[in-house]
Amino acid sequence: MAAISLSLSPNPSFTTTTTHKPSHPLSTPTFLKFPTVSPSTVKSLTHAPLPQTPSPRATSSTRAAASTTPSTTFHGLCYVLGDNIDTDQIIPAEYLTLVPSNPSEYEKLGSYALCGLPDAYSARFVDPDETKSKYSIIIAGANFGCGSSREHAPVALGAAGVAAVVAESYARIFFRNSVATGEVYPLESEVRVCEECKTGDVVSIELSESRLINHTTGKEYTLKPIGDAGPVIRAGGIFAYAREAGMIPTLTSS
């Protein structure tokens, strides 16, 4: 039998050496004695059957616990707006010096929400000397939140007590700011709901069903699903959501 050895020198070469088989066959050493086992002494192993545990049946409570979409309902008076409501009308630039992270200034910011609306809107969104609006749901037309990129726009609405806005369409930056701040749910309608509702109507929003109900008129409207933006808003904004998901460290007080 030939064996090959490999040299690890910079210039490797192969050498072949020859080994010879032993002339005598391998045999069991005499000092190893193996006992002889009779087939009659071997017993077959038997196993007792394991008890059968019935698998638990799904109940309504377990199905509800497994659901990842919470049932969220908003209910209150609606304030109806038209098309192209811009950020200057939502919160005029003169109030952008207010710092939302300051609780007192955040509250004051809500008192100025929608104070830039033209005189055609006779009903005030926030009553004088009040910081909260009695209208918790806004219904609007197309291109809601157009204008500047100020985050104060959705923050002012949230500070005033607005839970959701239902509009035919949104300016992209307002939609993104609403999700990033977690202040309001920017929901889109499939029809011009603003032409079928009036300020002061009692409405409900079933978020999990993407449905708007006008209890004053008895009509219902289908909304477009909020999708992946829902959990971010529900968490309180993009940073709160990132902490919940473990993307960034949780803030701890020293």
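Start by selecting residues 211-214 and 219-222: these are strands β8 and β9, an antiparallel pair held together by four bridges. Keep in mind as you click around that this is a predicted model. Now pick out Asn214 in your selection and look across to β9, where Lys219 sits opposite. The hairpin of β8 and β9 has four residues between the strands. Color Gly218 there, and check its backbone: phi is positive, near 80°.

**Just before the hairpin**

Next, select Ser210, in the loop that links β7 (202-206) to β8. What is the sign of phi at Ser210? It is positive, about 50°, and Ser210 is not a glycine. That's worth a second look because most residues other than glycine have a negative phi. Switch on the surface, too: Ser210 has a relative accessible area of 15%, which is under the 20% cut-off, so this serine counts as buried.

**Over to Leu114**

Now jump to the loop between α3 (103-111) and β4 (135-140), and select Leu114 there. Here's another non-glycine residue with a positive phi, this time about 60°. Is Leu114 buried or exposed? Buried: its relative accessible area is 5%.

**The largest pocket**

For the next stop, select Pro100, Ser101, Glu151, His152, Val155, Ala180, Thr181, Glu183, Gly236, Gly237, Ile238 and Phe239, and show them as sticks. Together they line the largest pocket, which encloses about 240 Å³ of space. Which helices each supply at least two residues of this lining? Color α4 (152-159), α5 (172-181) and α7 (238-244) and you have them. If you then recolor the lining by residue class, you'll get five nonpolar, five polar and two charged residues. Glycine goes with the polar ones in this scheme, so paint Gly236 and Gly237 to match when you color the lining.

**Zoom out**

Finally, clear the selection and show the whole chain as a cartoon. How many helices and strands are there? You should find seven helices and nine strands. Of the 254 residues, 33% are buried. Turn the surface back on and you're looking at about 16600 Å² of accessible area, with 55% of it belonging to carbon and sulfur atoms. If your viewer draws contacts, take those with a separation of 6 or more: 64% of them are between residues 24 or more positions apart in the chain.

Conventions: Residues numbered from 1 in each chain as written. Predicted model: local features only at pLDDT ≥ 70, side-chain atom pairs only at ≥ 80, totals over all residues. Heavy atoms only, no water. Pairing = 2+ DSSP bridges. Buried < 20%, exposed > 50% of the residue type's maximum accessible area, 1.4 Å probe, protein only. Contact = heavy atoms within 4.5 Å. Areas by Shrake-Rupley, 256 points an atom, 1.4 Å probe, with all protein chains shown as cover. 1 Å grid on protein atoms, 1.4 Å probe; cavity = no way out; pocket = protein on both sides within 12 Å on 5 of 7 lines; lining within 4 Å. Points joined across faces, edges and corners; volume = space filled by probe spheres on them.
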